[in-house]
Amino acid sequence: MGDTGLKPYLQYLKYGRGFLPFYLSKLSYIIFTVGQLLQTYWLAANVQNSSVSQLKLIAVYTGIGLSLSLFLLLRSFFVVHLSLGASQSILSTLLSSLFRAPMSFYDSTPLGRILSRVSSDLSVVDLDVAFKLTFAIGAAFNAYSSFGVLTILSWELVFIILPTIYLCIIIQRYYLAGGKELMRINGTTKSLVASYLAESIAGAMTIRAFGEEDRHFSKNLGFIDMQASPFFYSFTANEWLILRLEILCAIVLSSSAFALTLLNTSASKSGGLSNSR
């Protein structure tokens, strides 16, 4: 399967003219992140400053926090606006295609596949795509900004951070090859469950007339078990990815703590030598 690039996300943003809400949400998040840094810097710089009263220190810190909450609220508003506009456009396009499709399409396409597209797939588009897209970009921004700060404080961490980023890219590509295939199999088996359920409901009178309730019930449970298997494997693949990413994060965190400890130790030694002189 592999990586599909940015094409699906660009197509998603084109529906409902979502580029402007997307950029505004990212701008609000960047302002929120920078404001958090300024808030922390204000508290760290003036907590032991005798010229700044405790009331002023708490008031400025609280004022910055309340201002940042406004930008966080604007970010959520723009993300919801993006998701709503794209979902309405995609739904109207899908319904227009279904109503105008020829009868040969319905003869050759299983009913469960159509029900899966208009139910579970549209639910993912409505609830997950916009939020996960903005969350992924925000998490990447936080990670690279943290790497930049650590590099400024201790440049030796470059030899740890760059290999870590390279390993993350390799692990991501290895995961995508199997993860997308598992998601495709999950969607295919889900359409079988929906199709068989719809056929069972439509022929419920015939099934009861011939006394085949137990056979159809056990067959339905078999389809459900078949659908649950790729979902379990997909969950296992996600846990596999999370474990390896957490190991890499632990390596970067421990290396950063060790480098900053050496930095403080060298600074204290240089300060003690200068005072002795």
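Analyst: A residue is called buried under 20% relative accessible area, exposed over 50%, and partly exposed in between (1.4 Å probe, protein chains only). This is a predicted model, in which local features need pLDDT of at least 70 and side-chain atom pairs count only at pLDDT 80 or more, while totals for chains, interfaces and linings use all residues. Residues are numbered from 1 along each chain as its sequence is written, and side-chain values use heavy atoms, leaving out hydrogens and water.

User: Thanks! Why is Thr261 called partly exposed?

Analyst: Thr261 has a relative accessibility of 45%, which falls between the two cut-offs, so partly exposed is the right label. You will find Thr261 in helix 8, residues 213-276, where a helix is a DSSP run of H or I with at least four residues, numbered from the N terminus. The C-alpha of Thr261 is 23 Å from that of Asn142, with their positions 119 residues apart in sequence.

User: What makes Cys249 exposed?

Analyst: The relative accessible area of Cys249 is 51%, and that is over the 50% limit, so Cys249 is exposed. Cys249 also belongs to helix 8. From Cys249 to Thr134 the C-alpha distance is 21 Å, at a sequence separation of 115 residues.

User: Trp240 is in helix 8 as well; is Trp240 buried or exposed, or partly exposed?

Analyst: Partly exposed: Trp240 comes to 28% relative accessibility. Its C-alpha lies 8.7 Å from that of Tyr175, 65 residues away along the chain.

User: How do you know that Glu212 and Arg215 form a salt bridge?

Analyst: Their side chains meet at 2.9 Å, N to O. The rule asks for a side-chain nitrogen of Lys or Arg within 4 Å of a carboxyl oxygen of Asp or Glu, so this pair qualifies. The rule gives a count of one salt bridge. Both partners are partly exposed, Glu212 at 29% and Arg215 at 47%.

User: What makes Leu27 fit for a nonpolar patch?

Analyst: Patch residues need over 30% relative accessible area and no salt bridge, with nonpolar side chains joined within 5 Å and like charges within 9 Å. Leu27 has 47%, so the area condition is met. Together with Leu20, Leu24 and Ile31, Leu27 makes a patch of about 340 Å² (Shrake-Rupley areas, 1.4 Å probe). Leu27 sits in helix 2, residues 19-46.

User: Why are helix 2 and helix 3 called roughly antiparallel?

Analyst: Helix 2 packs on helix 3 (residues 54-99) at about 165°, with the axes 8 Å apart. Angles run from 0 to 180 degrees between N-to-C directions, and over 145 counts as roughly antiparallel, so the pair earns the name.

Notes: Helix = DSSP H or I, 4+ residues; strand = E, 2+ residues; numbered from the N terminus. Parallel < 35°, antiparallel > 145°, perpendicular 65-115°, else oblique.
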